[in-house]
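Let's look at how two chains sit against each other, and ask how each label is earned.

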Amino acid sequence: MPERRRTGKPKVAVFKFASCDGCQLSLLDAEEELLDVASAIDIAYFPEASRRMIRGPYDIGIVEGSITTPHDVERIRDIRKSSAALITIGACATAGGIQALRNWKDIKNYVHIVYASPEYVSTLDRSLPVGSFVHVDYELRGCPINKYQLIEVINAFLNKRKPNVYTHSVCVDCKLKGTTCVMVSRGEPCLGPVTQSGCGAICPSFNRGCYGCFGPMEFPNTAALAAQLKELGETKFDIQLAFRTFNAYADAFRKESEAHEQ
Amino acid sequence: MNLFLVNPKSDFTMDNSFRIDQENLQHLFTTLQKRGYETVGPTLADEAIVYDTIASVEDLPVGWTDEVGPGKYRVANGGGLSSFGYTLSPQSWKRFLYPPTRKLFSAKKNGKSFELTQENDGEKKHAFIGVRPCELSAILIQDRVFSSGEYHDDNYLALRRNAFIVAVNCSQAGDNCFCVSMKTGPAAKDGYDIALTEVVDGDNHYYVAASGTEKGREILTEIGAATASGNEIAEAENVVRRTTAEIGKSLDTRGLPKLLAENLEHARWDDVAKRCLTCGNCTMVCPTCFCSTVEDTTDLSGQTAGRSRRWDSCFTMDFAKVSGGNFRTSAKSRYRQWLTHKLSSWVEQFGISGCVGCGRCITWCPVGIDLTAEVKAIRGTKVKQEKGG
Ligand code: SF4
Ligand code: SF4
Ligand code: SF4
């Protein structure tokens, strides 16, 4: 890593695949911390933010987006090769994203409806997470990710310590914050018990149930939660939809939504 | 030896009983505040009666009550004069004495060395107004946890020493309360500075107050408390008696520590594991659960670092993760760890039950898992293990 030796700072690259850009923008959105971050790392490749494009190898490759085309597959393999550490960010890169809703349909039908010349479209039959193709060193969940978590991971990397990022339920965060449980106190359907911490339990603190943006928690008992959602009056279809959103193709959520298919 | 707390008896005697009204109660607030206490008590927030910093009697949930079931909690305004006519807030006083997150120390780089700064909030003084008898027992249990043995939690003990406790005996039993089984309620026995029993008799609204400490007695005098009449004391005793009779839930504690220890492979653990979300809510709301994790932070430049403590739970995967793996990977082993710690190994560890019968873990479990039902099922079909089995 000649570049690193020169600047003394780790070389970081940010790559995008099928995604909305929201996650990588959260890095730019970290206004207060941005200067500190920029002075601690060398952003060598970040097309969204800068015209500077320094070639790899990189110390950290940050990847947003899901893998949806044969070209993506080649590109992610190259990126893996040139990144000492690979971090995937967001629901697209870690679970296939909202676009994975197409995984339950025949992609050819979509292509024919949407594109005038479908023969030019080369696509995989499913939208898949990066981890389905290459080894991933660290996953940051969320739709979008929590910018503080991204900074925390970079910070931990720089200071050679364990990142304080948790895989437990959103419920733990509700309790730490002192938010009264909306499911128990209002009968509001909530995915928090099976969803991974990270957002700061935002929805329950606004009296809404959790939508599951951070995907399945470490040990998701989705069947037990689904049984309780039914008790609260949710229909089979409601439950199917609840599990089929941004993280629809994450294993636990996929299986639970399929169990409620009509 | 009785491993559970002693059955509380009424503390009202002619020479230790006062009568105060709502106006005196307001004086109590201002007197405590004048003495430097942050007054914390019940107040309506959104759809719950929570414990928070409150300024005066105006903030109390007058006329409000709560109804609970397994996995269910609702507040309702039934009208009436009572300020303490509900059962329990979603979370306990643990939040104040043992905060969810707490900075332990920070470190600053100084050349080749570093400087440590210990974080200390020993000066903070809380006055808790409306501590339920079961909650008071829980505080006494945490006192033991944090002060027995070789290692003490000085932060807890500092906050605890500074706390002034106004207990309020229960005038209503919740459907998840089983304090009678655990011998912790519905009347406070000791550990309080002042204990109140609220009496609402038509338009006649007053509190019968007992002092538990010299300071409590001093403050009662200062706020103009009158001596309670025999009749008023009898009314207060009636309130407690009625509540005792109302308590429907029970836990058979006979030989409980042994029963659980001998049934670690009972089929019921698999059954509850199917229902349990391993979400951790039960441990977070439990007033005696004390498990935490310690984590390190740094600034980006690595010039300053910090160490803090954060509530953790035996239900999280990280909790039992050690070098080489996790020794409690199944939901079964984690639920079992929780329940057997509360009701069995806690006794070995601290000489007392880890459960005070508040029922919070039943109310706030999103799927309504009820520990009393789990114990009943195990007791119903217990297996006696072979020696060494
Ligand atoms: S509101 Fe949802 S996430 Fe929060 S504690 Fe309740 S069930 Fe869990
Ligand atoms: S185990 Fe449940 S009932 Fe017992 S003290 Fe804890 S929260 Fe209350
Ligand atoms: S018993 Fe209930 S509250 Fe406790 S972890 Fe299981 S589902 Fe969550």
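Buried area is the accessible area (1.4 Å probe) that two parts lose on being put together, summed over both. This is a predicted model, where local features need pLDDT of at least 70, side-chain atom pairs count only at pLDDT 80 or more, and totals for chains, interfaces and linings use all residues. Residues are numbered from 1 along each chain as its sequence is written, chains are lettered from A in the order in which they are written, and side-chain values use heavy atoms, with hydrogens and water left out.

Q: How much area do chain A and chain B bury between them, and which three residues of chain A supply the most?
A: About 3,200 Å², with 56% of it on carbon and sulfur atoms. K175(A), L176(A) and V184(A) supply 22% of the area that chain A buries against chain B, more than any other three residues.

Q: Why is the pair D173(A) and R310(B) called a salt bridge?
A: The rule wants a side-chain nitrogen of Lys or Arg within 4 Å of a carboxyl oxygen of Asp or Glu. The side chains of D173(A) and R310(B) meet at 3.5 Å, N to O, so the pair qualifies. Across this interface, the rule finds 1 salt bridge.

Q: What makes a residue part of the contact between chain A and chain B?
A: Contact means heavy atoms within 4.5 Å. By that rule, chain A gives 37 residues and chain B gives 45.

Q: How many salt bridges does the rule find between domain 1 and domain 2 of chain A?
A: The count there is 0. Those domains, 11–158 and 170–258, have bounds from an automatic or database domain assignment.
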